[in-house]
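Trainee: I would like a close look at a single part of this protein, taken slowly and with its surroundings explained as you go.

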Amino acid sequence: MSGGHLGAGSTIRTRIALVYGGVFLVLGALLLLVVNLLVRAGTNGETEAIVARAGEVAAVEAYRIGDDVGRAANEQMLMWSCMALLVIACGAVVVGWWTAGRVLRPVHEMTARARRLSERNLDERLAVRGPDDELKELGDTIDALLGRLETAFDSRRRFIANASHELRTPLATQRAAIQVGLDDDCGVRQVLLDTNRHSERLLDGLLLLARGERGLAEREDVPLGEVVAEEYEDVAVGDAGGGVVRGSRVLLRQLVRNLVANAVVHNVPGGFVDVRVEGGVLTVVNTGPVVPPDGVEILFEPFRRGEGRDRTGPGAGLGLSIVRSIAAAHGGSVTAVARGAGEGGGLAVTVTLPVTVTRS
C-alpha cells in the first residue's frame, strides 16, 4: 500500500497530520505574539528617543508621526506574519501527513498481509523488514503467533486423519466378526451392524472434514451442474446454467451428497426437496422441522443435529460441517435460512462457489 493512499489506518494518519499541524500552529502563534509584543515595545522606545531629540515645536508632530509609523509597521508585520503562519501551518500538515505515511507504511503492509491469511495458508509470515523498532517487534510477535497457530491446526488435522485411519481397521474387523459370528436371526446382530456402520460413517466424515480443512492439493475443471445431476437427477438448472468450478470433483460430489442427504433425512412425510443450480450457486430447499433463526448457525458445527433431532440416528452430525469445509476449500461460502412454519419449515441452504466458465 502506498504511503499516500487512503485506506485502513488512514484515520490515525490524519490525526497525526492534524496534531502535527495544530501543534505547529499554536507554537507559531505564540512565537509571533511574543515577537509582535517585543517589536511594539521596541518601536515605542525608538519613538520616545526620537521625540526627546526633537525641539518643543516639533514634539507633538514627532509623536504623531511616530505613532503612525509604529502602527503601520505593527499592522503590516501582524498581517504578513499571520499569512506566513497559515502557509507554514498548511505545509506542516502536509509534512505531517507524509511523515505519518512513512511511519505507518509497515503497519499498512502488515494489515494487508494479515488479511490474506487464513487457516489454509498459515505457513505465510508477515516478515517485517527494517530497523529493530517497535513495529518490527510487533511483526515478529504476530509471526510467532502464526507459527503457534499453524502448529495447532496441523496437529488437530493430523490427529483427526490418523485417528480415523487407525480406527477403520478394528471397525472392519468388528463388522466381519458380527456378520460371521452371529446368525441372521439373532436380534443383536442388526443392532451391532447398525452401530458399526454409524461409526464408519462418522470416521468417513471426519476424514472428509480433515481433508477439506487442509485445502486442495490438486484442482481440475468440474462442471457443477453435471456433478449435482449425478447425485440428484431432479436438479433444476437456471438460465445461467451450471458453472465450471476449479476444484476437486470427489469433494464437490460429497458436498452435494451431504446437502441432499441432510435435506432428505430431516424432511417430513409428504414434504419436498428442491435442488437448483445457477452458475456457481447451488441451492437446496426442503421442508422439515421448524428451526429457530438463531439456531441455524449451530447446525454447521460438528456433531450438532439441531434441537429435537435424534443424536443416535443415522447421521453423524457432520453433514453441514463437511459442506462448509469443502466449500471453503474451493474459495466458496455456505449460508442457510430457516423457513417458517407457514412455508413448511426446513432450511434453504445456498452454496456459492467461484466459477471459471458459465455453461448454459
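In what sense do β3 and strand β4 pair, and over how many bridges?

Mentor: Please keep in mind that this is a predicted model. Strands β3 and β4, the latter spanning residues 281-286, pair in the antiparallel sense, and 6 bridges hold that pairing in the description. The connection from β3 to β4 is a hairpin that passes through 1 residue. For a specific point of reference along this pair, take D274, whose bridge partner in β4 is V285.

V285 is also a useful place from which to look further, since this residue stands opposite A348 in β6. Strand β6, which covers residues 347-352, runs antiparallel to β4 and is joined to it by 5 bridges. Strand β4 thus has pairings with β3 and with β6, and V285 takes part in bridges to D274 and to A348. As a general point for reading the side chains here, those in a regular strand alternate between the two faces of the sheet.

Going back along the chain from β3, which is made of residues 273-279, one meets a loop that links it to helix α6, residues 249-265, and N267 lies in that loop. The side chain of N267 makes a polar contact with the side chain of T287, at 2.5 Å. If the neighbours within four places in sequence are left aside, the residues in contact with N267 are F272, V273, N286, T287 and G288.

Helix α6, on the other side of that loop, brings in a helix partner, because the axes of α6 and α7 come within 9 Å, crossing at roughly 150°. The α6 side of this contact consists of L251, L252, Q254, L255, N258, L259 and N262, while α7 contributes G319, L320, I322, V323, I326 and A327. The crossing of the two helices is left-handed. In an α-helix there are 3.6 residues a turn, so residues three or four places apart point the same way, and this is worth holding in mind when you read such a list of positions.

One of the α6 residues in that contact, Q254, deserves a separate word. Q254 counts as buried because its relative accessibility is 15%, where the cut-off for buried is under 20%. The side chain of Q254 also makes a polar contact, at 2.8 Å, with the side chain of R257.

Helix α7, residues 319-329, is itself mostly covered, with 8 of its 11 residues buried. Those buried residues are L320, S321, I322, V323, S325, I326, A327 and A329, and among them L320, I322, V323, I326 and A327 also belong to the contact with α6. Just after α7 the chain reaches G331, which takes a positive phi of about 75°.

To place this part within the whole, the protein chain has 7 helices and 7 strands, and from the N terminus on its elements run α-α-α-α-β-α-β-α-β-β-α-β-β-β. Of the 360 residues in the chain, 34% are buried. Among the contacts with a separation of 6 or more, 67% are between residues 24 or more positions apart. The accessible surface of the chain comes to about 21100 Å², and carbon and sulfur atoms account for 60% of that surface.

Notes: Residues numbered from 1 in each chain as written. Predicted model: local features only at pLDDT ≥ 70, side-chain atom pairs only at ≥ 80, totals over all residues. Heavy atoms only, no water. Helix = DSSP H or I, 4+ residues; strand = E, 2+ residues; numbered from the N terminus. Polar contact = N/O pair within 3.5 Å; in protein donor to acceptor, adjacent residues only side chain to side chain. Contact = heavy atoms within 4.5 Å. Buried < 20%, exposed > 50% of the residue type's maximum accessible area, 1.4 Å probe, protein only. Areas by Shrake-Rupley, 256 points an atom, 1.4 Å probe, with all protein chains shown as cover. Pairing = 2+ DSSP bridges. Axes fitted to C-alpha atoms, helices over the stretch in contact; angles between N-to-C directions. Left-handed = near helix turned anticlockwise from the far one by under 90°.
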